Amino acid sequence: MENEHSFIAAVLDTIGALVVVLDRNGRVIRFNRQCEKLTGYSAAEMIGRPIWERLLIPEELQPVRSTFDRLVAGNFPSEFENWWLTKNGARRMIAWSNTALLDADGEVEFVIATGIDVTERRQIEAALRDSEERFRMLFNNGNDAILVHPISPGEMPGKFIEANDLACRRLDYSREELQQLSPLDIDDAVSAVDIPKISRQIEVEGHALFESVHVARDGRKIPVEINAHRFELKGRPVVLSIARDITERKLAEAALRESEAKLREITSELGDGIYVLDRNGQLTFMNKAAEHLLGWTEAELLGQNAHEAFHYQKPDGSHVPVCDCPVYQSIHSGETYRILEDYFTCKDGTLFPVSFVAAPLHRGGEITGSVAAFQDITERKQAEARIHHMAHHDMLTGLPNRVLLADRLVLALAQARRYGRLLTLIFLDLDHFKQINDTLGHDVGDELLKAVAARLVECVREADTVARMGGDEFVILLPETAKAGDAEIVARKVIEAVNLPLMIGSHELHITTSVGIALYPRDGEETQTLMKNADTAMYRAKESGRNGYQLYSQI
Ligand SMILES: Nc1nc2c(ncn2[C@@H]2O[C@H](COP(=O)(O)OP(=O)(O)OP(=O)(O)O)[C@@H](O)[C@H]2O)c(=O)[nH]1
């Protein structure tokens, strides 16, 4: 018997479970080693004391006593859980399993309670319940449809095994109906993405982000962006797809595309080349007119540094640094610049003159880039050059007119003054030219004037100017004259050249001229004086019998 007692004690102390034996009044009879370890109380401290004296928490005192009373009365609730309070005040949740030993009268004599500490397990379960609850909430209350389907390598995706409320509402299927469908059934066949390709990507990379179109029960199409992730659910590879409705985004994109197309159309109709740079000076837009003028396509220059592409050099070949570019400056200063003349370079390397306006672009108070509108001003410049030429030249002979002569004379006088040089002004007027007009007609007169002009040009050097003052009057300016005698040499040469017979049509004509000479500084120091004096000398030559020259100094 003694042996048997110590054997039972040994067994009770060895097993991992908590074992407490109570008498019918709830006093502790046995308190095994596990109980001691867990509670911090020794068996000696516990034996003979009612179990509820130390180990129960106040809130559970009452329910535990009534459970015990029911047990003693013969109702054996086989299992229940309650907290134990350890010696150092910690709480442990114990799951009990109870039996009773009856005495000879069939009354309960002892209650044997076997317990396991389930504190951690219950905590984990509670945490799991909590997280599952949260997951459910997310699953069903988010703004995105969530669908889960199984996958197997190399096979088409399987039927959905999970779908949140929003997925059901959006596609107008019940959860059970969705479980009969797979991604292949709800993705629009026409606009659908390549499902096998996406499946492979998910298999290899674990996730994929792509756009697709879902089709609801009634055929309604919903553009979606799908964020798909592969994970294991109960040991099975599945794909969780979060489908965001991007209808608004697509509509906005379409509206943007349309307004951009309109912008392209309108801006190109205007004929101005237009391009847009972002904050970094990279090209984001270029209209048809700009493509046409520059020879580059928008596709070739998108994302490129526009300045280095077509605004980098001057006509003399020198480089224009980007910091000097008004389009870039407008991004940094926020100012609008109007440039009347600059040069852009075509794709083939040729330069053309442009005028342009560069203005900063703003969004939400921030400068987002710059827009430039430019015009090819080649024609304008040519017209300007023509007008300039016409204003300074004689239409009939192409010689400089009195305006250009006056300019050159002012310039030449300044030079002569500075370097102490002589300058010669020769006035000449054809003799009896009127007769040619009168006898042979104005047209022959015109041709004769042209021929005389050509001869006069032949008589002088390149640095000299032969101008037609009007009618049959010409002026020759020799800005550098070595000595006074040189003026007379030129005058004689001119007279001889004019004297040579001229063939105008079928007419052989003979004409002479009278020449007046004024020298700077001898005959005048100012433009007006020199002109007047040369003219006077010329009239004196006429009076002296024509076909000769007269120095003003010798009048
Ligand atoms: N064909 C032609 N004749 C012109 C032109 N401009 C002026 N004339 C004419 O040139 C003539 C100039 O005559 P003048 O210089 O006054 O007289 P002239 O007959 O040359 O006689 P002198 O000068 O006294 O020797 C006038 O008959 C003008 O009508 C022109 O562009 N073409």
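Which helix do lysine 450 and glutamate 447 both lie in, and how many residues apart are they? The views below start with the whole chain and then get to that pair; the model shown is a predicted one.

**View 1. The whole chain, with its 20 helices and 22 strands.** The protein has 555 residues, and 41% of them count as buried. About 30,800 Å² is exposed, with carbon and sulfur atoms supplying 53% of that area. Take the contacts with a separation of 6 or more: 50% of them come from residues 24 or more positions apart.

**View 2. Lysine 450 and glutamate 447, a salt bridge in helix 18.** Here is the pair from the opening: both residues sit in helix 18, 3 residues apart, which is about one turn of the helix. Their side chains meet at 3.4 Å, N to O. Lysine 450 has a relative accessibility of 36%, so it counts as partly exposed. Glutamate 447 comes in at 37% and is partly exposed as well. Elsewhere, salt bridges with shared partners tie Glu211, Glu225, Arg249, Lys250 and Glu253 into one network.

**View 3. Lysine 542 and aspartate 431, a buried salt bridge.** The closest N and O atoms of this pair are 2.9 Å apart. Distant parts of the chain are linked here: lysine 542 belongs to helix 20 (residues 527-543), aspartate 431 to the loop between strand 16 and helix 17, and 111 residues separate them. Both partners are buried. The count for the model comes to 35 salt bridges.

**View 4. Arginine 49 with glutamate 53, another salt bridge.** In this pair the closest N and O atoms are 2.7 Å apart. Arginine 49 is partly exposed because its relative accessible area is 33%. Glutamate 53 has 44% relative accessibility, so it also counts as partly exposed.

**View 5. Inside the largest nonpolar core.** This core has 33 residues, and Leu448, Leu456 and Ile476 are the ones touching the most other members. Several elements give two or more residues to it, among them strand 16 (422-430), helix 18 (442-459), strand 18 (473-481) and helix 19 (484-499). Zoom in on isoleucine 476: leaving aside residues up to four places away in sequence, its contacts include Thr424, Leu425, Ile426, Leu428, Leu456 and Val494.

**View 6. Tryptophan 296 in its loop.** This residue lies between helix 11 (288-294) and helix 12 (298-301). Follow the chain for 50 residues and you reach cysteine 346, yet the C-alpha atoms of tryptophan 296 and cysteine 346 are separated by 7.5 Å. Cys346 is also one of the residues that tryptophan 296 touches, along with Met286, Glu291, Leu301, Ala309, Thr345 and Lys347, not counting residues up to four places away in sequence.

**View 7. Helix 10 and the glycine just after it.** Helix 10 (residues 247-270) has 24 residues. Going from its first C-alpha to its last covers 34 Å, close to the 34 Å expected at 1.5 Å a residue. Just past the helix, glycine 271 takes a positive phi of about 90°.

**View 8. A nonpolar patch on the surface.** Phe7, Val11 and Ile15 make up this patch, and together they have about 260 Å² of accessible area. Phenylalanine 7 is found in helix 1 (residues 2-14). With a relative accessible area of 56%, phenylalanine 7 is exposed, because the cut-off for that is over 50%.

Definitions and conventions: Residues are numbered from 1 along each chain as its sequence is written. This is a predicted model: local features need pLDDT of at least 70, side-chain atom pairs count only at pLDDT 80 or more; totals for chains, interfaces and linings use all residues. Side-chain values use heavy atoms; hydrogens and water are left out. Patches are made of residues with over 30% relative accessible area and no salt bridge: like charges are joined within 9 Å, nonpolar side chains (Val, Leu, Ile, Met, Phe, Trp, Tyr) within 5 Å. Accessible areas come from the Shrake-Rupley method with a 1.4 Å probe; for residues, only the protein chains shown count as cover. A salt bridge is a side-chain nitrogen of Lys or Arg within 4 Å of a carboxyl oxygen of Asp or Glu. Helices (H or I, at least four residues) and strands (E, at least two) are DSSP runs, numbered from the N terminus. Buried means under 20% relative accessible area, exposed over 50%, partly exposed in between (1.4 Å probe, protein chains only). A nonpolar core is a set of buried Ala, Val, Leu, Ile, Met, Phe, Trp, Tyr and Cys residues joined through side-chain atoms within 4.5 Å. Contact means heavy atoms within 4.5 Å. The expected span of a helix is 1.5 Å times one less than its number of residues.
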